[in-house]
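Subject: Handing over the structure

Hello,

Here is the structure I promised to pass on to you. Please open it alongside this email, and then read on for what turned up in it.

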Amino acid sequence: MTNLKGVGGKRMATGVAAAVLAAAAFGALALAGTASAGAPGEVAAVAAEGGKHGSRPTVVLEHGAFADSSSWNGVISRLRADGYPVVAAANPLRGPHGDATALRGLLDHVKGPKILVGHSYGGSVISEAAADRTDVKALVYVAAFLPAPGETALELTGKYPGSTLPGALDPVPVTNPDGATGTDLYIRQDEFPHQFAADVPRAEAALAAAGQRPIAQAALEEKATAAAWKTIPSWAVVTTQDLNIPAAAQRFMAERAGAHVTEVAASHSVAVSRPGVVARVIENAARATR
């Protein structure tokens, strides 16, 4: 295990309290900036770039809830500077199974070997999307879930105390395309900077709060159906000042998976506050699995 020193960091609607607890594991930061390689033409360009760099795999990044692909911008710039082709996927945030299906479509399109990276809830998605794929050479979990089949976010988050997210959530009733009703979960903007980005400049965190995307409450209760970390080498960044997923929960999942663990004293939005650390772990995974 690598230890890194970093910058330190109420309501709930009746009927969503359990889901609110689980949502603690899903926070992520989306800071101002443009999403990278999301459109079809851009993805094709990334695939071509992968061929140009030869032995370097394409790094595919999956963001978490309350975020978008721009939350990876600092990581992307560092990976590209070191010659890695990168694509940041758009996560629908509707549920692990459906989101994994969407991600697999992108993986099919990007040719050659790939390193799959998930932040927070994105960890649940990559764990399913990478199952039985020989083109995914390594998995990297960044302050993320590593669920086993049959586990839910609610179950995993409840194993350990320490999340302070429940009082910061803002549940919003929605009508789904099929006419069924559901709930989307947002973070109250006044709580967002402290809860998710204690080590990010406050003005940037405020922009992320305004641009956040919600996660479906139903995603919190959906059981995992696959665990690609059982067969694919894995790395994990554990954030010790995380107010969303307690560090103890992150350690439990990473150690169970036999992941190579790097601990860093950072908030849940470590990809924003410590992009160099995250990029270095991804590159370590790429080199180790060539």
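In the hairpin of strands S6 and S7, five residues lie between the strands, and Gly179 takes a positive phi near 95° there. Helices (H or I, at least four residues) and strands (E, at least two) are DSSP runs, numbered from the N terminus. This is a predicted model, in which local features need pLDDT of at least 70 and side-chain atom pairs count only at pLDDT 80 or more, while totals for chains, interfaces and linings use all residues. Residues are numbered from 1 along each chain as its sequence is written, and side-chain values use heavy atoms, with hydrogens and water left out.

Back to the hairpin. S6 and S7 (residues 181-187) run antiparallel and are joined by seven bridges; two strands pair if DSSP finds at least two bridges between them. Val174 stands opposite Gly182 in S7. The hairpin strands belong to an open sheet of three strands, ordered S6-S7-S8, with antiparallel pairing. S6 (169-175) and S8 (215-216) each have a single partner strand and stand at the edges, so one side of each is left without a neighbour in the sheet.

Strand S8 holds a residue to look at: Ile215. Is Ile215 buried or exposed? Its relative accessibility is 0%, so Ile215 counts as buried (buried means under 20% relative accessible area, exposed over 50%, partly exposed in between, with a 1.4 Å probe and protein chains only). Ile215 and Gly64 are 151 residues apart in sequence, yet 8.8 Å apart in space, C-alpha to C-alpha.

Next, please find strand S2 (residues 58-62), where five of the five residues are buried. In a regular strand the side chains alternate between the two faces of the sheet. In S2 both faces are covered, with Thr58, Val60 and Glu62 on one side and Val59 and Leu61 on the other. S2 pairs with strand S4 (residues 114-119) in the parallel sense over five bridges, and Leu61 stands opposite Val117 in S4. S2 also runs parallel to S3, joined to it by four bridges; the partner of Glu62 in S3 is Ala89.

Tyr84 sits in the loop between helix H3 (73-81) and strand S3 (86-89). With 2% relative accessibility, Tyr84 counts as buried. Tyr84 and Val59 are 25 residues apart in sequence and 7.0 Å apart in space, C-alpha to C-alpha.

Now for the helices. H4 (residues 96-109) and H5 (residues 122-129) pack at an angle of about 60°, with axes 8 Å apart. Axes are lines fitted to C-alpha atoms, for helices over the stretch in contact, and angles run from 0 to 180 degrees between N-to-C directions. Among the residues making the contact (heavy atoms within 4.5 Å) are Leu103 and Leu107 of H4, and Val125 and Ile126 of H5.

Last comes helix H8 (residues 202-210), in which Ala205, Ala208 and Ala209 are buried. Seen down the axis of H8, these buried residues fall within an arc of 100°, so they line one face of the helix; the arc is that of the directions from the helix axis to the C-beta atoms. Helix H7 (192-196) is included in what covers them. The face of H8 turned away from the buried side carries Ala203, Leu207 and Ala210, which are exposed.

Enjoy looking around!

Best wishes
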